Amino acid sequence: MLERGESVFVTGIAGSGKTTILKKVLPFLEVLDPRMGVCATTGVAASLLGGVTLHSWLGLVPEVVLAVASELDVEDVVARLPLPARLRICSARFLIVDEISMLDAALLDGVDRLCRSLRRAPSTPLGGIVVLFCGDFLQLAPVQGQGALSGQFPFQADVWPMLFGPRAVVLTTAGRHGADAEFRSLLLHMRRAELTPSEEELLRSRVVATAPDDAVYLYSTTEAAEVRNNKCLVSLDQPLVTFVAEDDYKQLSDRHGKQLLADYTKAEYEMKLCVGAVVLLACNAYFHAHGLSAGARGVVIGFYTFAEKRGKSERLPIVDFLLPTAARRRLFIKREMFCVTSLSARDKEAATRRQVPLVLGWAMTIHKAQGMTLDTVVLSLGRVFTFAVVYVAFSRVRRLQDVFLLSFDASRVSVCRRALEFHDRLHRITS
């Protein structure tokens, strides 16, 4: 279908091999289009695919995103995109996007307008780019943001029916959970928020007071994950090296600059690391040279002295990363520049942060874990605040015995009825 120029939407239950299919398709598309975009809506998902975030590929910094979604003058927005991003959009024949369920409808329509303008094809969806979208709307939904980012699903975008109509490739076999039939059945019921009383009792039996030391803790809030990460860092009992960010608010006020950097960059103002610390990459600076994008997980194995041209020197971390191919890569990390751009009717305002591009990684949010297969997890679901989060969290592992719960409340298992109706109405091309 892609070779014929038809855009394709691939969906299916958790663990059915959606990302695996993308990886199988990639080598064939690379022959047809070496300049194609390989993307995902989150850094972790992009890392698993060997790509970059969709925002990075498009050259969208956070406040340009707001401008795109708000239907401001498209030519003005195009002019503010980096030249490499404009060249990518103009030259790509194909665009792959994993975890499409987390893309806001208004942003998808905004990207459609950008592509039509840049590619000088005003009457063709996405300016003629053939897309392969992959994701499950019964998992995580777009996060409601500011202004036009209302949290609507991408299938509610105006351009969606132009790309796919009601068609979809639907995967129905859960390869990740194939060895545990009871767990697979439970997940299918959880997906639709239709747990039986016996299944609820089975889940309550997984509530424990203590969990394995090597388990990854998944939380529904960033704050809870931070508490866990800081506790693990202290427990290593190793000398800490502190990295303080170098911030520049340019023409912005101190309050405005600090707020922009806190809200729109992954880099922390103060970062403490030691040997043995588990970390995640916070940017895509190492993608082209090393195949590592935001979300890649590694361990600090030491520090080295880096001397800058201006005569200043400091100790920076050496990190051992696990690549998506299962190979390992040792990197000497340097400080990177994180920029925030503010578009207004008057001017282009900016704030920058120069910092080590790492965050602690013993624990993560359920959102960041989407698309991953984990060996053992500890779930904290007491503050679940949106549809399908419980289903996403449980489906990260292969067997029920690999899940340890800090608590369980069956009322937290929910589904978005709009997404369920969309899925049930799909015309299935194959399964």
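Ring pairs tie F9, F133, F137, F153, F155, W160, F164 and F422 together into one cluster. That's a good place to start in this predicted model, and a search of the whole structure turns up 17 aromatic pairs.

Take F9 and F422 from that cluster. Their rings make a tilted pair, with the centres 6.5 Å apart and the planes at 45 degrees. F9 belongs to strand 1 (residues 8-12) and F422 to helix 16 (residues 417-425), so this pair ties together parts that are 413 residues apart in sequence. Both F9 and F422 are buried.

Another pair to look at is Y304 with F332, which meet edge-to-face. Here the link runs from strand 12 to strand 14 (residues 328-332), 28 residues apart. Is Y304 buried or exposed? Y304 counts as buried because its relative accessibility is 14%, under the 20% cut-off. F332 has 45% relative accessibility, so it counts as partly exposed.

Here are the two pairs side by side:

| Pair | Geometry | Centre to centre | Angle between planes |
|---|---|---|---|
| F9 and F422 | tilted | 6.5 Å | 45 degrees |
| Y304 and F332 | edge-to-face | 5.0 Å | 75 degrees |

Rings also turn up with charges over them. The charged end of R228 sits over the ring of Y217, 3.6 Å from the ring centre. R206, for its part, lies over the face of F404, at 5.2 Å from the centre of that ring.

Now back to strand 12, home of Y304. Strand 12 covers residues 297-307 and runs antiparallel to strand 11 (residues 278-281), with three bridges joining the two. One of the residues involved is V278, whose bridge partner in strand 12 is V299. Strand 12 also pairs with strand 13 (residues 313-322), again in the antiparallel sense, over nine bridges. In that pairing, G302 has I318 of strand 13 as its bridge partner. Strands 12 and 13 form a hairpin with five residues between them. Which residue in the turn has a positive phi? G311 does, at about 95 degrees.

Finally, a word on confidence. Mean pLDDT for the protein chain is 85, and 89% of the residues reach 70 or more. Residues 342-349 are another matter: pLDDT stays under 50 there, and the model has 18 contacts for this stretch beyond four places in sequence. Where pLDDT is low, the predicted coordinates should not be read in detail.

Technical notes: Residues numbered from 1 in each chain as written. Predicted model: local features only at pLDDT ≥ 70, side-chain atom pairs only at ≥ 80, totals over all residues. Heavy atoms only, no water. Pairing = 2+ DSSP bridges. Helix = DSSP H or I, 4+ residues; strand = E, 2+ residues; numbered from the N terminus. pLDDT = per-residue confidence, 0-100. Contact = heavy atoms within 4.5 Å. Phe/Tyr/Trp six-rings, centres within 6.5 Å; stacked < 30°, edge-to-face > 60°. Buried < 20%, exposed > 50% of the residue type's maximum accessible area, 1.4 Å probe, protein only. Lys NZ or Arg CZ within 6 Å of the ring centre and 35° of its normal.
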